[in-house]
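Work through the exercises below with the sequence and the model side by side, and try each task before reading its solution.

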Amino acid sequence: DLPRVNKMLSGEAVGFRLWQDRPLGVLISPWFMNLVMLPGDAEDWSALTPGTKEVVSFPSGDYEFLHNLRELTGGYKACSLFSPMHEFKTHAAATDVARAVMVALFDDEIQAETDRSADIRAAREAELAPPPETPAPAAPTRRMLVTGGLADKG
């Protein structure tokens, strides 16, 4: 009866496939939906430091994963997609989104928001930057003072 739990949903692993010899898919639960990467057969992720961030590249862009450790499953990496899950009215809707995530992840026509963040930041910094300094005018000459600058025009 936690407020973050969507009682319409249950746990399900969706769309798992191998990516760079590692199982990758979407994990749905009543309180979150995560993109999850597991170690490959020859890898041991038992030394991962929970909470460490790692950027993983896919055809659609770069995504931030958190390192995790669980006693029963060992090390894995997770990228949060949704939390809480209240916007999903049915479990079928959540699984449809999870399947769409797995398709979009490998679509190089899609640019992830994280790929555009540097461009957005640079544009905002340019807006906030002070205007470029204009060079100080040259010290007036005696002729400019006497003629009010009219002798130098023309």
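**Exercise 1. Find which residues C79 is in contact with, leaving aside its neighbours within four places in sequence, and describe where C79 sits.**

Solution. Begin with the contacts in this predicted model: once the neighbours within four places in sequence are left aside, C79 touches M33, N34 and L35, and also Y63, E64 and F65. Next, place C79 in its element, which is strand β6, covering residues 74-82. Then consider its accessibility: the relative value for C79 is 8%, and because buried means under 20%, C79 counts as buried. Finally, look at a residue that is further off along the chain: K53 and C79 are 26 residues apart in sequence, while their C-alpha atoms are 9.6 Å apart in space.

**Exercise 2. Take N34, and state which strand holds it, whether it is buried or exposed, and what it touches.**

Solution. N34 belongs to strand β3. With a relative accessibility of 14%, N34 counts as buried. Its contacts, not counting neighbours within four places in sequence, include G25, V26 and L27, and they also include A78, C79, S80 and L81. The contact between N34 and C79 thus appears again, now from the side of N34.

**Exercise 3. Work out the order of the strands in the sheet, and say which strands stand at its edges.**

Solution. Start from the overall inventory, in which the protein has three helices and six strands, and the elements follow one another from the N terminus as β-β-β-β-β-β-α-α-α. The open sheet of six strands is arranged in the order β1-β2-β3-β6-β5-β4, and the pairing is antiparallel. Since β1 and β4 each have a single partner strand, they stand at the edges, and one side of each is left without a neighbour in the sheet. From one strand to the next the twist averages 35°. In general, strands of a sheet pair through backbone hydrogen bonds, in either a parallel or an antiparallel manner. For one pairing in detail, turn to β1 and β2, which are joined in the antiparallel sense over six bridges, and where R17 stands opposite L24 in β2. As a last step, add the helix α1, which lies across β1, β2, β3, β4, β5 and β6 and runs at about 150° to β2.

**Exercise 4. Identify the residues of the largest nonpolar core that touch the most other members, and the element that gives the most to this core.**

Solution. The largest nonpolar core has 24 residues, and among these L24 and F58 touch the most other members. The elements contributing two or more residues to this core are the strands β1 (12-19), β2 (22-28), β3 (33-37), β4 (53-58) and β5 (61-70), together with the helix α1 (91-105). Of the elements, α1 gives the most, with five residues. To look closer at F58, note that it is buried, with a relative accessible area of 6%, and that, apart from residues up to four places away in sequence, it touches W19, L24, M37, Y63, F65, L105 and F106.

**Exercise 5. Determine how the rings of F58 and F106 are arranged, and which cluster these residues belong to.**

Solution. There are seven aromatic pairs in the structure. For F58 and F106 the ring centres are 6.0 Å apart and the planes stand at 85°, so the pair is edge-to-face. This pair links distant parts of the chain, since F58 is in strand β4 and F106 is in the loop between α1 and α2 (113-128), 48 residues apart. F106 is buried, having a relative accessible area of 18%. Another edge-to-face pair is formed by F82 and F88, with 5.1 Å from centre to centre and 85° between the planes; here F82 counts as partly exposed at 23% relative accessibility, whereas F88 is buried at 6%. Widening the view, ring pairs link F58 and F106 with W19, Y63 and F65 into a cluster.

**Exercise 6. Locate the rings over which R17 and K77 lie.**

Solution. The charged end of R17 is placed over the ring of F106, at 3.8 Å from the ring's centre. K77, in turn, lies over the face of W45, 4.2 Å from the ring centre.

Conventions: Residues numbered from 1 in each chain as written. Predicted model: local features only at pLDDT ≥ 70, side-chain atom pairs only at ≥ 80, totals over all residues. Heavy atoms only, no water. Helix = DSSP H or I, 4+ residues; strand = E, 2+ residues; numbered from the N terminus. Buried < 20%, exposed > 50% of the residue type's maximum accessible area, 1.4 Å probe, protein only. Contact = heavy atoms within 4.5 Å. Core = buried A, V, L, I, M, F, W, Y, C linked by side-chain atoms within 4.5 Å. Pairing = 2+ DSSP bridges. Axes fitted to C-alpha atoms, helices over the stretch in contact; angles between N-to-C directions. Phe/Tyr/Trp six-rings, centres within 6.5 Å; stacked < 30°, edge-to-face > 60°. Lys NZ or Arg CZ within 6 Å of the ring centre and 35° of its normal.
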